[in-house]
Amino acid sequence: MLVLSRKRHESVVINVNGTIIEVVAIELKNDRVRIGFEAPREVAIHRKEIFLEMQREKERGETRKEK
């Protein structure tokens, strides 16, 4: 895992096969960080818990089809 420190309004740029995703530290308040994402529309960005639920739903659907 790469760990970086960023101040407010500083960003990190991720390049995935030429697709650029910028992650910006918007606000730091108490123990929370608000972050913003700049990415092409076709790039799906989800909170991890939502992504994992989507994966579980997909697996359940595939399992049902096999039966």
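What percentage of the 67 residues in the protein chain is buried? Buried residues make up 7% of the 67 residues, and this tour of a predicted model starts from that number before it moves on to single residues.

**The whole chain**

Begin with the entire protein chain in view and colour it by secondary structure, which comes to one helix and three strands. If you follow the chain from the N terminus on, the elements run β-β-β-α. The radius of gyration of the chain is 16 Å, well over the 11 Å that the globule rule gives for 67 residues, so the chain is more spread out than a compact globule. Turn the model along its principal axes, and the C-alpha atoms fill a box of roughly 50 × 35 × 25 Å. Among the contacts between residues at least 6 apart in sequence, 2% join residues at least 24 apart.

Next, switch on the surface: the chain exposes about 6,600 Å², and carbon and sulfur atoms supply 51% of that area. If you then select the charged side chains, you will find 15 positive and 12 negative ones, with the centres of the two sets lying 3 Å apart.

**Confidence**

Now colour the chain by pLDDT, which averages 92, while 93% of the residues score at least 70. Among the elements, strand β1 (residues 11-16) has the highest mean pLDDT, at 97, and helix α1 (residues 48-66) has the lowest, at 86. As a general caution, where pLDDT is low, the predicted coordinates should not be read in detail.

**Two residues with positive phi**

Select histidine 9, which is found in the segment before β1. Its phi is near 75°, a positive value in a residue other than glycine. Histidine 9 has a relative accessibility of 55%, which is over the 50% cut-off, and therefore counts as exposed.

Then move to asparagine 17, whose place is in the loop between β1 and β2 (19-29). The phi of asparagine 17 is near 50°, again a positive value in a residue other than glycine, and the residue is exposed, with a relative accessible area of 81%. These angles deserve a look because most residues other than glycine have a negative phi.

**Across the strands**

Select valine 13, which lies in strand β1 and, at 54% relative accessibility, counts as exposed. Which residues does valine 13 touch, not counting residues up to four places away in sequence? With that limit, valine 13 touches Ile20, Ile21 and Glu22. Measure from valine 13 to phenylalanine 37 as well: the two are 24 residues apart in sequence and 9.8 Å apart in space, C-alpha to C-alpha.

Go on to isoleucine 20 in strand β2, which is partly exposed at 42% relative accessibility. Leaving out residues up to four places away in sequence, isoleucine 20 touches Val13, Ile14, Asn15, Glu38, Ala39 and Pro40. The C-alpha atoms of isoleucine 20 and proline 40, which are 20 residues apart along the chain, are separated by 7.8 Å.

**Into the helix**

Finish at arginine 60, which is found in helix α1 and is partly exposed, with a relative accessible area of 34%. How many ångströms separate the C-alpha atoms of arginine 60 and phenylalanine 37? Draw the distance in your viewer: the two C-alpha atoms are separated by 30 Å, with the residues 23 apart along the chain.

Key:
Residues numbered from 1 in each chain as written. Predicted model: local features only at pLDDT ≥ 70, side-chain atom pairs only at ≥ 80, totals over all residues. Heavy atoms only, no water. Helix = DSSP H or I, 4+ residues; strand = E, 2+ residues; numbered from the N terminus. Rg over C-alpha atoms; globule rule 2.2 N^0.38 Å. Buried < 20%, exposed > 50% of the residue type's maximum accessible area, 1.4 Å probe, protein only. Contact = heavy atoms within 4.5 Å. Areas by Shrake-Rupley, 256 points an atom, 1.4 Å probe, with all protein chains shown as cover. Lys, Arg positive; Asp, Glu negative; His and termini not counted. Charge placed at Lys NZ, Arg CZ, Asp CG, Glu CD. pLDDT = per-residue confidence, 0-100.
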